[in-house]
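User: I'd like to learn how to read a model like this one. Can you walk me through it?

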Amino acid sequence: MGFLTDWITDWLKGLLIDGILGNLSGLFNNVNNQVGEIAGQVGTTPGAWNPGVFALIRQLSETVVLPIAGLVLTFVATYELIQLIVEKNNLHDVDTWIFFKWVFKTFVAIMILSNTFNVVMAVFDVAQSVIGGASGIISGSTAVTPDMMATLEADLQLMDIGPLLGLWLQSFLIQIVVLAVNVVVFIIVYGRMIEIYLLASLAPIPFATLSNREYGSMGQNYLKSLCAVGFQGLLILVCVAIYAVLVQGIATAGDPIGAIWTLVGYTILLCFTMFKTGSLAKAVFGAH
């Protein structure tokens with residue numbers, strides 16, 4: 001009878017140990033995959049991220065929004081001309097050079113408007129070049145190595161069924177938490193790219209106001225928003241780099257379960273800081 005009890009105990013212990021190690025190994029794989037995907041996604045240009053969506057947005061911007069922007073530019077240019085004439089003592093002191101000035105400004109505004117999409121993509125190309133340079137430095141240090149697995153397995157062999165059952169429940173809960181955080185990170189990274197597409201689709205309208213002093217604030221704020229969204233990717237990479245350094249610091253901790261709960265805390269912290277990158281980038285560039 002005692003032999004049967006020992007056999008059942010050993011079988012249950014082996015089952016729980018395998019379950020705990022399986023859950024935690026999956027945790028490390030999920031974290032490494034998610035971190036690697038973040039670095040890859042934020043380093044991709046809008047055109048390369050999804051060529052089909054990019055072509056759709058470009059066609060929408062150039063065929064639907066651009067004609068409306070042309071009307072806006074016509075209004076702005078006409079208003080600018082009236083202001084230039086009236087401000088010179090109600091037509092009593094008119095210099096011919098102001099007309100050359102108006103023609104030049106209108107010409108530049110038309111040139112910018114006709115190349116709006118290229119200008120927008122140029123802003124993101126500059127941002128992506130910076131992000132690409134940073135990802136080469138950061139990506140090499142983001143892998144979480146499961147060195148604690150061997151030590152953890154040896155410690156688990158010395159534990160009774162009750163504590164092992166508790167640890168199995170903890171590891172199962174940890175895996176669910178990390179999966180939920182992965183979903184949130186996915187939403188943040190992909191939501192940034194969709195925001196880029198939305199900004200690009202309406203680009204001609206704010207660009208049409210750049211030549212006017214009174215209405216030009218719309219276009220200036222739009223350019224600031226473009227830069228903020230573009231360089232938000234760099235802030236996301238910085239968050240990932242800080243996360244990787246913190247995780248590497250707990251990888252050899254003496255208490256494996258405590259270290260893994262700390263890893264979960266750092267993962268949730270990564271999610272929170274990534275949420276703040278959008279507002280922080282806009283604050284840096286003065287966009288609102």
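Analyst: Let's go from the overall fold to one helix and then to a surface patch. Keep in mind that this is a predicted model.

User: How many helices and strands does the chain have?

Analyst: Start by listing the elements. Here the chain has 10 helices and zero strands, so reading from the N terminus you just get α-α-α-α-α-α-α-α-α-α. Of the 288 residues, 39% are buried. Among contacts with a separation of 6 or more, 85% link residues 24 or more positions apart.

User: What span should helix α3 have, at 1.5 Å a residue?

Analyst: Use the rise per residue and compare it with the end C-alpha atoms. Helix α3 covers residues 51-86, and its 36 residues should span 52 Å; the ends are 49 Å apart, which agrees.

User: Where is the kink in α3?

Analyst: Look at Val 65: there's a kink of about 45° there, shortly before the proline Pro 67. Val 65 is also one of the buried residues of α3, along with others including Phe 54, Leu 73 and Glu 80.

User: Which residues form the nonpolar patch on the surface?

Analyst: They are Phe 104, Phe 107, Val 108, Met 111, Ile 112 and Val 119, with about 520 Å² of accessible area together. Helix α4 (residues 97-114) gives the most, with five residues.

User: Take Met 111 in α4. Why does Met 111 count as partly exposed?

Analyst: Check the relative accessibility against the cut-offs: buried is under 20%, exposed is over 50%, and partly exposed is in between. Met 111 has 42%, so it counts as partly exposed.

Key
Residues numbered from 1 in each chain as written. Predicted model: local features only at pLDDT ≥ 70, side-chain atom pairs only at ≥ 80, totals over all residues. Heavy atoms only, no water. Helix = DSSP H or I, 4+ residues; strand = E, 2+ residues; numbered from the N terminus. Buried < 20%, exposed > 50% of the residue type's maximum accessible area, 1.4 Å probe, protein only. Contact = heavy atoms within 4.5 Å. Expected span 1.5 Å × (residues − 1). Bend = angle between axes of the 7 residues up to and from the residue. Patch = residues over 30% accessible without salt bridge, like charges linked within 9 Å, V, L, I, M, F, W, Y side chains within 5 Å. Areas by Shrake-Rupley, 256 points an atom, 1.4 Å probe, with all protein chains shown as cover. Salt bridge = Lys/Arg side-chain N within 4 Å of Asp/Glu carboxyl O.
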